[in-house]
Amino acid sequence: MSDSFGPFSKPPAGAKSARFDLRVGYIDTDRATVMHHAAYLRYLEAARIDFFRQHGLDYRTLELERGLGLPVVEANVRYKLPAFFDDQLTITSWITLVTRARLRFEAVIHRDIELVTQARITLCCAELKNLRVCSIPQEIRDMFGTYSNN
């Protein structure tokens, strides 16, 4: 996995990004107050949903009116430093790939200026009624395709 991440700590120049702030809850930590590794994925998902909202896509509407979802098909997370109970974290996320089949997000989690975590999350599009993979609607590709550097 050493080559799967470039030396990024912020979005590339010109990329549209979204910032999501959070505070680590006690429920997400162990007895040593270190944030559990699985909690990062939940926070990254919240940041992705907020990214969509900030850039004009209402995910709830996508599910309820279009019957589509964007499930995760691959998740790569590199834990650089531990996060602790009550830490104030900032997740910055951006899209690096848009195709008919996939959306790829990259994200970094910072505590102040410290890089805590890097992540690359790939989504597909699926019809919720039968969970079949389908093409990402053209208007969504158009909305986010200009944000990627592919």
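**Strand pairing and helix packing in the predicted model**

In the hairpin of β5 and β6, where 2 residues lie between the strands, aspartate 112 adopts a positive phi near 55°. Helices (H or I, at least four residues) and strands (E, at least two) are DSSP runs numbered from the N terminus, and two strands count as paired if DSSP finds at least two bridges between them. The model is predicted, and local features need pLDDT of at least 70, side-chain atom pairs count only at pLDDT 80 or more, and totals for chains, interfaces and linings use all residues. Residues are numbered from 1 along each chain as its sequence is written, while side-chain values use heavy atoms, with hydrogens and water left out.

The hairpin belongs to an open sheet of 5 strands, ordered β1-β4-β5-β6-β3 with antiparallel pairing. At the edges are β1 (17–23) and β3 (72–79), each pairing on one side only. Neighbouring strands are turned by 20° against each other on average, direction ignored; axes are lines fitted to C-alpha atoms, for helices over the stretch in contact, and angles run from 0 to 180 degrees between N-to-C directions.

Helix α1 (residues 37–54) packs on this sheet, touching β1, β3, β4 (88–98), β5 (103–111) and β6, and its direction makes about 135° with that of β1. Contact here means heavy atoms within 4.5 Å.

Turning to β5, 8 of its 9 residues are buried, so this strand is largely enclosed by the rest of the structure; buried means under 20% relative accessible area (1.4 Å probe, protein chains only). On one pairing, β5 is joined to β4 by 8 bridges, with threonine 92 partnered by valine 108. With β6, β5 forms 9 bridges, and arginine 104 is partnered by threonine 122.

Note on methods:
Buried means under 20% relative accessible area, exposed over 50%, partly exposed in between (1.4 Å probe, protein chains only).
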